[in-house]
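Please work through the exercises below with the sequence and the model side by side, trying each task before reading its solution.

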Amino acid sequence: MKIVTWNINGIRTFKNGIKKILDSFDADIICVQETKVTRDLLDEKTAIVDGYNSYFSFSRGRSGYSGVATYCKDTATPFLAEEGLTGLLANQGEAVGCYGDQVELSSEELLALDNEGRAVITQHHFIGTDGPQKLTVINVYCPRADPDKPERKQYKLQFYQLLQCRAEAILSSGSHVIVLGDVNTSHRPIDHCDPDDVDNFDDNPGRKWLDHFLFDTAENENTEDELADTSQKSASGGKFVDSFRHFHPKRSNAFTCWSTLTGARQTNYGTRIDYIFSDRPLVETAFTGVDIMPEVEGSDHCPVWAQLSCTLQSSPKCPPLCTRHMPEFTGRQQKLSRFLVKVPEKLSVSKGCEESLPGSQDVGEIRENLNPVVQGNSVAKKRPTDREADTNAHKGKRSKQTKTEINAKGSLLAFFKPKQTALMLSSGNLGPKQEESSQDGPGSESDTSSCPSDVQMETNSSKVTEMEIENQDEVEGESTSIDKSNDCKKGPCAGFWKTVLRGPPQPPLCKSHNEPCVLRTVKKAGPNLGRQFFVCARPQGHASNPQARCNFFAWVEKGK
């Protein structure tokens with residue numbers, strides 16, 4: 001049997017599908033934390049994975065926050081499954097049970113502890129050296145204590161208390177227990193990249209709880225006689241063992257979480273906060289190996305695996321908590337004949353017109369697209385009447401004028417050039433005699449209308465040509481003056497926009513590596529919120545590491 005835990009920092013980040021990731025572990029039980037998905041956003045590809053049955057716990061207060069999930073192979077289907085630690089979210093007859101003493105917590109506090117989707121419990125059967133036995137797996141994502149929010153610190157300690165109460169109660173019922181996931185606390189200084197940088201490292205409440213919850217094999221490995229005494233056991237720790245330290249008691253730099261903002265994974269500047277805890281008898285009799293997988297990327301955490309020398313028995317049916325029983329994923333499949341129904345062409349065209357969006361094609365355009373007229377086949381079309389021909393000619397003239405206007409507006413100089421049509425038709429530039437001749441003379445509208453179309457076009461074109469020749473020098477002179485004025489204005493305009501739209505300031509060079517620094521912005525609430533500063537661009541690391549970030553720091557002065 002193989003079991004894996006991994007904080008995936010968002011289950012929707014697996015663009016290639018989660019099945020490929022699950023198969024790569026080759027594990028029977030895979031527990032993931034921080035899924036960041038609510039039930040309304042859970043898609044079928046993530047919930048129903050071929051070869052696996054899954055069990056989710058969702059955050060009920062915030063979207064895209066917290067959440068855990070347990071994937072079991074079909075050959076390791078659990079007999080019972082439950083969401084949460086309090087039992088308030090479980091249905092009677094379907095829960096694992098054994099809740100312990102929860103008197104110290106109020107009903108409101110218990111409901112709040114299960115409201116963020118931080119625990120899923122599955123109970124399995126396996127064949128061990130002593131015959132058939134039960135194994136309960138508690139998949140947890142423990143809260144983080146925000147230093148700026150004292151209430152979250154109390155919430156985290158209450159969650160620890162509830163977790164220990166539930167785990168020890170299940171253990172007392174005769175089942176083996178494995179508690180695994182993101183505990184959000186590094187236990188010993190060896191589990192932290194820089195414990196000297198943490199104030200009062202050993203006095204942290206989370207570490208004190210781990211001292212009470214775990215049995216410390218390092219302190220008691222040479223006191224076998226004292227271990228037989230129950231009082232000595234309680235004084236040295238709890239009933240569970242950190243399986244990784246059981247196999248690797250002195251391995252340093254074995255971290256499972258790194259900061260992505262500082263690139264600390266490149267220098268292995270992290271912490272070990274992902275664990276696989278188990279009761280002592282199971283670790284000593286069934287565990288054969290435990291290790292971390294820092295080579296697996298895709299999250300700010302890395303997976304942790306454990307191998308056990310036991311064989312899981314599969315339940316004949318999935319528990320009710322399984323995603324296969326969710327109503328949104330149990331719809332009936334439609335018959336194939338439903339997709340083979342012939343739809344009339346007229347109905348499809350009218351339906352497409354009704355469903356068209358505002359500004360889309362009208363009915364005529366849709367018909368034209370559905371039944372296009374081939375060029376050279378226009379003989380079959382009805383011959384237009386004289387009125388239709390005049391209308392089409394008018395439309396053609398109007399479209400030509402529109403195209404001319406659009407092309408004229410393509411250049412900035414077109415706004416300063418005199419319009420040729422206005423010069424031709426304006427009467428202000430003509431004398432009184434010329435006005436009379438233009439109205440009643442041979443070039444008048446009444447006269448040209450009686451002329452053939454070819455002669456009329458030549459006359460109009462000759463007028464346009466004469467006006468263009470007369471005004472060519474004037475237009476060229478104006479355009480030249482405009483170009484000069486634009487060249488004069490380029491300098492002030494560029495300077496103006498540079499002052500208004502300033503780019504990022506030039507980065508200084510850090511003193512240790514003589515490399516360009518990176519610009520950061522303060523996002524923490526306080527007097528410096530929004531201020532920018534420069535730091536060394538290298539990844540964060542220990543002070544003794546020359547390849548890590550140096551201590552260069554500089555504020556960006558206002559106005560620069």
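Three exercises follow, on a sheet, on salt bridges and on a cavity.

This is a predicted model, in which local features need pLDDT of at least 70 and side-chain atom pairs count only at pLDDT 80 or more, while totals for chains, interfaces and linings use all residues. Residues are numbered from 1 along each chain as its sequence is written, and side-chain values use heavy atoms, with hydrogens and water left out.

**Exercise 1. The sheet**

Task: Find the order of the strands in the open sheet formed by 3 strands, and name its edge strands.

Solution: Begin with the terms: strands are DSSP runs (E, at least two residues) and helices likewise (H or I, at least four), numbered from the N terminus, and two strands pair if DSSP finds at least two bridges between them. The order in the open sheet is 16-17-18, with antiparallel pairing. The edges are strand 16 (518–521) and strand 18 (553–555), each of which pairs on one side only. From one strand to the next the twist averages 30 degrees, where axes are lines fitted to C-alpha atoms and angles run from 0 to 180 degrees between N-to-C directions. Next, look at strand 17 (residues 532–535), which pairs with strand 18 in the antiparallel sense over 3 bridges, and note that F534 stands opposite A554 in strand 18.

**Exercise 2. Salt bridges**

Task: Explain which parts of the chain are tied together by the salt bridge between D211 and R188, and then trace the network that contains R272.

Solution: A salt bridge is a side-chain nitrogen of Lys or Arg within 4 Å of a carboxyl oxygen of Asp or Glu, and the whole structure has 16 of them. In the first pair, the side chains of D211 and R188 meet at 3.4 Å, N to O. Because D211 lies in helix 5 (residues 205–213) and R188 in the loop between strand 8 (176–182) and helix 5, this pair ties together parts that are 23 residues apart in sequence. For burial, the terms are buried (under 20% relative accessible area), exposed (over 50%) and partly exposed (in between), with a 1.4 Å probe and protein chains only. D211, at 31%, is partly exposed, and R188, at 28%, is partly exposed as well.

Turn now to R272, whose side chain meets that of D191 in a salt bridge of 2.9 Å, N to O. D191 lies in the loop between strand 8 and helix 5, and R272 in the loop between strand 11 (270–271) and strand 12 (274–279), so the bridge ties together parts 81 residues apart in sequence. R272 also forms a salt bridge with D242, the closest N and O atoms being 2.6 Å apart. Since D242 lies in strand 9 (residues 240–242), the parts tied together by this pair are 30 residues apart in sequence. R272 is buried at 1% relative accessibility, and D242 is buried at 7%. Finally, salt bridges that share partners join D191, D242, R245 and R272 into one network.

**Exercise 3. The cavity**

Task: Determine which helix gives the most to the lining of the largest cavity.

Solution: List the lining residues, which are W6, I8, F14, I18, I21, L22, F25, I30 and V32. Helix 1 (18–25) and strand 2 (29–33) each supply at least two of the lining residues, and helix 1 gives the most, with 4 residues.

How values were computed:
1 Å grid on protein atoms, 1.4 Å probe; cavity = no way out; pocket = protein on both sides within 12 Å on 5 of 7 lines; lining within 4 Å.
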